[in-house]
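User: Hi! I'm new to protein structures, and I'd like to learn how the words used for them are justified. Could you take me through this one?

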Amino acid sequence: MFYFRGCGRWVAASFTKQQFPLARLSSDSAAPRTPHFDVIVIGGGHAGTEAATAAARCGSRTLLLTHRVDTIGQMSCNPSFGGIGKGHLMREVDALDGLCSRICDQSGVHYKVLNRRKGPAVWGLRAQIDRKLYKQNMQKEILNTPLLTVQEGAVEDLILTEPEPEHTGKCRVSGVVLVDGSTVYAESVILTTGTFLRGMIVIGLETHPAGRLGDQPSIGLAQTLEKLGFVVGRLKTGTPPRIAKESINFSILNKHIPDNPSVPFSFTNETVWIKPEDQLPCYLTHTNPRVDEIVLKNLHLNSHVKETTRGPRYCPSIESKVLRFPNRLHQVWLEPEGMDSDLIYPQGLSMTLPAELQEKMITCIRGLEKAKVIQPGYGVQYDYLDPRQITPSLETHLVQRLFFAGQINGTTGYEEAAAQTECCSVARLECSDMISQVQAILLPQPSLVAGTAGMHHNTQGVIAGINASLRVSRKPPFVVSRTEGYIGVLIDDLTTLGTSEPYRMFTSRVEFRLSLRPDNADSRLTLRGYKDAGCVSQQRYERACWMKSSLEEGISVLKSIEFLSSKWKKLIPEASISTSRSLPVRALDVLKYEEVDMDSLAKAVPEPLKKYTKCRELAERLKIEATYESVLFHQLQEIKGVQQDEALQLPKDLDYLTIRDVSLSHEVREKLHFSRPQTIGAASRIPGVTPAAIINLLRFVKTTQQRQAAMNESSKTDQYLCDADRLQEREL
């Protein structure tokens with residue numbers, strides 16, 4: 001079962017806690033009525049909170065089931081958001097009116113844009129976050145969201161009913177059974193179980209069943225999903241130890257300061273809550289051969305590394321790094337956990353060695369010679385479900401109205417929430433009783449940090465919440481394609497390719513990254529979110545419309561202003577403009593030069609350009625649009641070709657194993673049957689589906705469409721003749 005403490009306590013969408021009776025359905029009219037919601041979200045981590053608020057924004061009465069209300073908003077072990085690829089996802093979640101970007105702008109302690117040396121299409125917004133501030137701000141948002149109710153409870157099982165005949169699936173979910181036997185019914189259910197499905201914590205050779213320290217794993221729910229026929233896999237991840245700040249010699253380390261000015265995550269914010277000079281620095285150090293020696297000599301004491309379970313390729317443990325890349329120095333970023341926190345998070349030192357060896361390794365590193373380990377690192381192994389069993393709307397193929405979001409789909413970003421308290425001290429713990437002592441010290445403290453994290457999870461949460469709500473109102477699903485956003489790439493990769501290791505988003509996965517930039521996420525998604533999903537507020541929609549029209553107007557004006565290159569050189573002498581060109585040069589082309597921005601252009605040509613410098617974001621976006629103008633034209637042609645393939649829909653009820661009208665090998669039939677792609681484009685991306693098979697499928701789809709069109713036309717003709725006969729009868 002998916003375990004939550006304190007089953008039965010309800011909290012409405014406010015800070016006031018209310019009591020509601022729970023009871024089974026009864027024929028007695030005087031009996032308490034069983035609660036019924038439009039959408040139930042199981043799990044209160046990052047995916048769960050985004051899913052619940054997205055469903056509520058769409059107008060659905062939503063219930064969020066979580067283990068403890070007071071832990072909503074507590075971050076994972078990694079106190080950061082964004083990065084290369086993930087920063088794009090944050091902007092897209094914000095464009096759909098999601099939470100995390102706005103909360104990060106209110107809670108960060110160090111804001112930085114990564115990849116600045118490259119073009120703005122691949123810049124990665126990132127921030128170190130204050131755990132306490134993030135929790136406070138997230139809880140305020142969650143508990144004041146209209147139509148959202150939060151309940152503390154334990155989910156034992158799913159309630160299943162007969163399937164809807166017009167949709168694929170063996171059954172339909174209609175609610176959940178709580179651990180006390182009571183039931184809660186809903187039209188749609190979203191699972192965001194994180195690492196709780198048969199979760200196992202590992203330190204050294206010791207293992208302990210847990211989704212995280214102090215919380216029981218979800219056994220019953222995992223068994224239910226397995227019995228339903230879902231293909232289950234096993235993944236692992238880990239977390240680094242925590243170090244006392246005062247025990248680190250920062251003076252000899254490489255100091256990194258935040259950006260000035262800081263770039264906010266949310267389109268609705270012009271700046272972040274804290275000035276750059278008040279933000280906290282990060283520090284960089286490196287491993288050395290002594291670290292490698294400790295790892296290699298003690299592999300026999302580390303069952304987590306020896307397991308065949310696949311771990312994260314792109315954020316591996318230090319043990320995995322040493323084994324994969326011998327004789328190398330690895331970066332270790334020392335990151336603050338909050339403005340008033342005494343803990344430092346050593347990014348890059350995830351490990352599961354016994355505690356005494358962890359401390360020995362830490363003190364081998366430059367700047368950490370006298371470091372005190374407050375909490376040891378540990379590993380987590382957990383079940384996930386093959387994401388090829390879900391549709392692009394994140395609804396499962398097997399069970400109607402059941403949606404999956406987050407790590408249950410095999411994404412990374414889980415840097416499991418580690419228990420920590422500001423005043424506790426664990427100097428050295430023996431491996432044999434490590435887990436029990438950590439729990440005893442940390443669990444009673446009110447500052448227990450909990451929650452699953454990662455932008456992949458927030459992203460899936462928003463899409464699952466939107467589509468669960470649309471499913472209730474019987475509206476078409478809200479699907480983001482690969483040509484529309486990083487969200488579309490993430491979900492398409494999962495649903496067509498699957499994953500055998502924790503999936504992580506990179507800009508290199510995106511074919512059209514020059515078009516899908518962080519700066520234009522609102523132009524791509526906010527208007528769709530407002531019109532097609534109803535998840536975007538009127539205020540955000542109006543702002544996006546204003547920005548879009550201002551950009552179009554600004555680009556048009558820049559194209560209309562033309563001078564000879566010699567005149568431009570006099571107006572903007574710092575620009576490296578060649579005066580040998582005889583044809584007039586547009587202001588838009590001048591803006592492409594690295595030395596030129598809207599401010600310098602407006603000084604050269606005050607009218608009509610001055611008004612475009614009043615909004616800093618508008619001025620910066622005009623510069624970016626100018627930079628990519630020439631290449632975007634060709635990329636837009638490629639996008640149209642892909643969109644044509646995506647427009648060719650495959651029948652949802654197509655039985656690939658028995659269909660005879662199309663020539664397909666047995667292997668291809670099995671792959672198509674398992675993944676059930678919805679378009680020709682999605683089918684073409686499935687490994688093992690050959691180009692010949694795609695051509696045969698394409699012929700089948702066109703033939704089917706033509707046959708259906710002929711039948712519809714024949715039906716219309718028959719109806720017309722029938723109506724004509726009736727008219728003649730009336731006349732007679």
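User: Let's begin with a sheet: what makes the strands E16, E17, E18, E19, E15 and E20 an open sheet?

Analyst: Happy to help! This is a predicted model, and in it the six strands line up in the order E16-E17-E18-E19-E15-E20, with antiparallel pairing. Look at the two ends of that order: strand E16 (254-256) and strand E20 (373-375) are the edge strands, each pairing on one side only. From one strand to the next, the twist averages 35°.

User: How do you know that E18 and E19 are paired?

Analyst: Two strands count as a pair if there are at least two bridges between them. Strand E18 (residues 331-336) and strand E19 (residues 343-347) are joined by four bridges, so they meet that cut-off. They run antiparallel. You can find one of the partners yourself: glutamate 335 has tyrosine 345 in E19 as its bridge partner.

User: And what makes E6 and E7 a pair?

Analyst: The reasoning is the same kind of count. E6 and E7 have six bridges in the antiparallel sense, and at least two are needed, so they pair. Across from glycine 108 stands isoleucine 129 in E7.

User: Why is strand E6 called largely enclosed?

Analyst: Strand E6 covers residues 108-114, and five of its seven residues are buried, so the rest of the structure largely encloses it.

User: Why is arginine 126 called buried?

Analyst: Buried means under 20% relative accessible area. Arginine 126 has 19%, so it counts as buried. This residue is in strand E7 (residues 124-129). Beyond its neighbours within four places in sequence, arginine 126 is in contact with several residues, including Asn78, Phe81, His110, Tyr111, Phe265, Glu335 and Gln347.

User: What makes the link between the side chains of arginine 126 and serine 80 a polar contact?

Analyst: For a polar contact, a pair of N or O atoms has to lie within 3.5 Å, with one able to donate a hydrogen and the other able to accept it. The side chains of arginine 126 and serine 80 make such a contact at 3.2 Å.

User: Now a different arginine: why is arginine 198 called partly exposed?

Analyst: Partly exposed is the range between buried, under 20%, and exposed, over 50%. Arginine 198 has a relative accessibility of 22%, so it falls in that range. You'll find arginine 198 in the loop between strand E11 (183-191) and strand E12 (200-203). Its phi is near 50°, a positive value in a residue other than glycine.

User: Is asparagine 327 buried or exposed, and how do you know?

Analyst: Exposed! The relative accessible area of asparagine 327 is 76%, and exposed means over 50%, so the word fits. Asparagine 327 is in the loop between helix H8 (318-324) and E18. Here too phi is positive in a residue other than glycine, with a value near 60°.

User: What makes helix H9 largely enclosed?

Analyst: Helix H9 spans residues 355-362, and six of its eight residues are buried, so the rest of the structure largely encloses it. The buried ones are Ala355, Leu357, Gln358, Glu359, Met361 and Ile362.

User: Which peptide bonds to proline 261 and proline 608 are cis, and what is omega in each?

Analyst: There is a cis bond between asparagine 260 and proline 261, with omega about 5°. Proline 261 is in the loop between E16 and strand E17 (282-286). The bond from glutamate 607 to proline 608 is also cis, with omega near 10°, and proline 608 is in helix H18 (residues 606-609).

User: How does the whole protein look in numbers?

Analyst: The protein has 23 helices and 25 strands. Of its 732 residues, 59% are buried. The protein exposes about 30,600 Å², and carbon and sulfur atoms supply 52% of that.

User: And how confident is the predictor?

Analyst: The mean pLDDT is 85, and 85% of the residues reach 70 or more. Over residues 12-32, though, pLDDT is below 50. It also stays under 50 over residues 414-453.

Conventions
Residues are numbered from 1 along each chain as its sequence is written. This is a predicted model: local features need pLDDT of at least 70, side-chain atom pairs count only at pLDDT 80 or more; totals for chains, interfaces and linings use all residues. Side-chain values use heavy atoms; hydrogens and water are left out. pLDDT is the predictor's confidence in each residue, from 0 to 100. Contact means heavy atoms within 4.5 Å. Axes are lines fitted to C-alpha atoms, for helices over the stretch in contact, and angles run from 0 to 180 degrees between N-to-C directions. Buried means under 20% relative accessible area, exposed over 50%, partly exposed in between (1.4 Å probe, protein chains only). Accessible areas come from the Shrake-Rupley method with a 1.4 Å probe; for residues, only the protein chains shown count as cover.
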